[in-house]
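User: Could you walk me through a helix and a pocket in this protein? I'm new to this, so please keep it simple.

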Amino acid sequence: MLESIFIFGDLPLNAEKGTYQIQLVVLSYVIASFASYAALSMAQQLVNAKSAIERGLLHWAGAFALGAGIWAMHFVGMLSYKMNMMVEYDPAMTILSMLIAIAVAYGVLSIVARNQLYTKEIISGGILLGLGICSMHYTGMAAMKMDGIIRYIPSLFALSVLIAILSAIAALEIAFALARHGGRYRYLYQLGAAFVLGAGICGMHYTGMLGAVFVPDANCRYDPNQDFDKLALSVAGITLLILSLPLAAGIYRKAQMEYQLQSSESKLRAMMDNALDAVIAMDQDGKITEWNRRAEAIFGWSHSEVVGRRLSEIIIPPEFRSLHEEGLRSFLKDGIGPILNNRIEVSALHRAGAIFPVELSVSAYQLQNEHHFTAFLRNISERKESERQLLHYTKALERSNQELDEFAYIASHDLKEPLRGIQNHASFLLEDYQEKLDEDGVKRLNRLIFLTQRMERLISDLLHFSRLGRADLAIQKTDTNVMIDEIHQLLESFLKEKNAQIRIPNPLPEIICDRPRVTELFRNLITNAVKYNDKEEKIVEIGFIAHMDAPHGSEKNVFYVKDNGIGIKTEFFEEIFRIFKRLNTRAEDKEAGTGVGLTFVKKIVERHKGRIWVESTMGEGSVFYFTLESGASS
Ligand code: ADP
């Protein structure tokens, strides 16, 4: 049985010694390497394929490239061998050998196109590919028809199989080193792998041929005109053409990807250049890598002038440079970056040397094991200037307020004395000259005394008001329930006389405040609630709300004093707090207030950094709401 394949012992004397046509041998190596290169590049694309259809197409295209390439190499290699025998090729066997090559290539690609390849898979893939190349070769040999027989020298036959397997393993190993490392040397790896696999395929073929012994029959035909060069060249030409197609497709795909990358890069650039903030990127060496248009406008440097230069030298004022460098070093060492992901205000340097304030936020990220930083900056010179002016005006306003308080204090204090004099003189006049004056004279004197008394009250109120603005608050813990109780006792007879009652639906909190002032505040509101009330039964409700929606926004810890009185028209909601402002003026009424109660109330609330506002319905009653900054402490 083995004798029908192998030849043992000495070779027969009539064994044919063929010769190789060297150009075709070289061509066969070119085909093998080219096919290997095409197959490897498709295996790479296969790994990165995005859809099942793309995967399937690439898989078959790769299998066809490698299979057809190996087969074409073999066929051209066969045709390069010239013997003194007439040779024909059996078409069925020839096609079968090609199909075997394609099937084997398909199997190899399915092993190879996995994301992770371990040594085990590389070896098994290599053995499969090696054996596949051998099966194709020996099937191809079996397609030869001539007047003689083919036998193989066992040692060379075994060597050809070994070469095929080893070179296939080596090629796969190199190809997957390329997949792991990628990067710049990717194409060199791929070319190296293609040459190794090409050499392996040829090595196998020509070792196999060396081991092939052609023994012609006695009546062996010989055709001196037999010439396969044209056939060899057309097989080679067609194969190379077929192989170029997937390669061209690969190149097109790459160009398309580059175009997509470029267009997304230009989108990003457009976004950056249209940003209202300066966007600056820096690498871990502290060098500028990005600099958008706004950065150019803010700092006076153009993109091309600064990219690659140290950021600290460009925009950081000299006195802060070492701090910046130190911060960068410590971030790279320990990962601590206190300024990262915060919005902070720092000083920046313009190209012309001016130092100006900027708002800065920096974020860091890692890309391919390197740290990168992106900073967003905006010039806040104008904002800072208006803040400074605002502060200046506030201070000036505070000063003038204080001066006004002092003026009111001094004026009212000094006015009191002459007023007392007028009052005394009027009283003396009335006492000493009552008989000598007629009725009208007495009436006028009484009116004079009434007016001076009223003026005295106004001046006292003014004095009190200025004191409220000047004196420091005496803050203490105060139980509001106790405070209201005391006010209740104080006003008892007044409330009784007016048929009024105070209701507290829920216990009130303990607060931190200037107790005498807040007592005055409540007393004023309670008195008003009774005074401006035409109901038979006057009800004053005092309460506390933890959260509420006020007309100006939401408020916490709100006190209220509510009555069922006459109500206040909306247009007077603000005006009633003005000093000496009264809505129900009855000048003759001795009971009438001076229109300062609510002014005091407002001043006391403001001194406690609170707010006061009013809600009211005419004829139904009013509610005065207020907060005190210290609010409820329990
Ligand atoms: P006075 O009570 O001395 O007139 P206020 O400053 O306390 O001064 O009040 C100013 C004006 O606001 C009052 O004259 C009155 O018309 C109005 N007012 C105050 N509280 C109430 C209230 N609870 N209901 C209706 N009107 C009020």
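User: Which residues of α11 are buried?

Analyst: Sure, and keep in mind that this is a predicted model. Buried here means under 20% relative accessible area. In α11 the residues that count as buried are H324, E325, L328 and F331.

User: Why do the buried residues of α11 line one face of the helix?

Analyst: An α-helix has 3.6 residues a turn, so residues three or four places apart point the same way. Looking down the axis of α11, you find its buried residues on one face, because they fall within an arc of 130 degrees.

User: And which residues of α11 are exposed on the other side?

Analyst: For exposed, the cut-off is over 50% relative accessible area. On that other side of α11, the exposed ones are E319, S322, L323 and K333.

User: What covers the buried residues of α11?

Analyst: Here we look for contacts, meaning heavy atoms within 4.5 Å. The cover over the buried residues of α11 includes β7, α10, β10 and β11.

User: How far apart are the end C-alpha atoms of α11?

Analyst: Start with the expected span: at 1.5 Å a residue, the 17 residues of α11 should cover 24 Å. That agrees with the model, where the end C-alpha atoms are apart by 25 Å.

User: Which element gives the most to the lining of the second largest pocket?

Analyst: That pocket holds about 670 Å³ of space. It's lined by 30 residues, and H324 is among the closest to its centre. By class, the lining has 24 nonpolar, 5 polar and 1 charged residues. The top contributor, with 7 residues, is α11.

Key: Residues are numbered from 1 along each chain as its sequence is written. This is a predicted model: local features need pLDDT of at least 70, side-chain atom pairs count only at pLDDT 80 or more; totals for chains, interfaces and linings use all residues. Side-chain values use heavy atoms; hydrogens and water are left out. On a 1 Å grid over the protein atoms alone, a cavity is a set of points where a 1.4 Å probe fits but cannot get out, and a pocket is an open set with protein on both sides within 12 Å along at least five of seven lines; lining residues have an atom within 4 Å of a point. Grid points are joined across faces, edges and corners, and a volume is the space filled by probe spheres set on the points. Helices (H or I, at least four residues) and strands (E, at least two) are DSSP runs, numbered from the N terminus. Ala, Val, Leu, Ile, Met, Phe, Trp, Tyr, Cys and Pro count as nonpolar, Asp, Glu, Lys and Arg as charged, and the others, Gly among them, as polar. The expected span of a helix is 1.5 Å times one less than its number of residues. Buried means under 20% relative accessible area, exposed over 50%, partly exposed in between (1.4 Å probe, protein chains only). The arc is that of the directions from the helix axis to the C-beta atoms.
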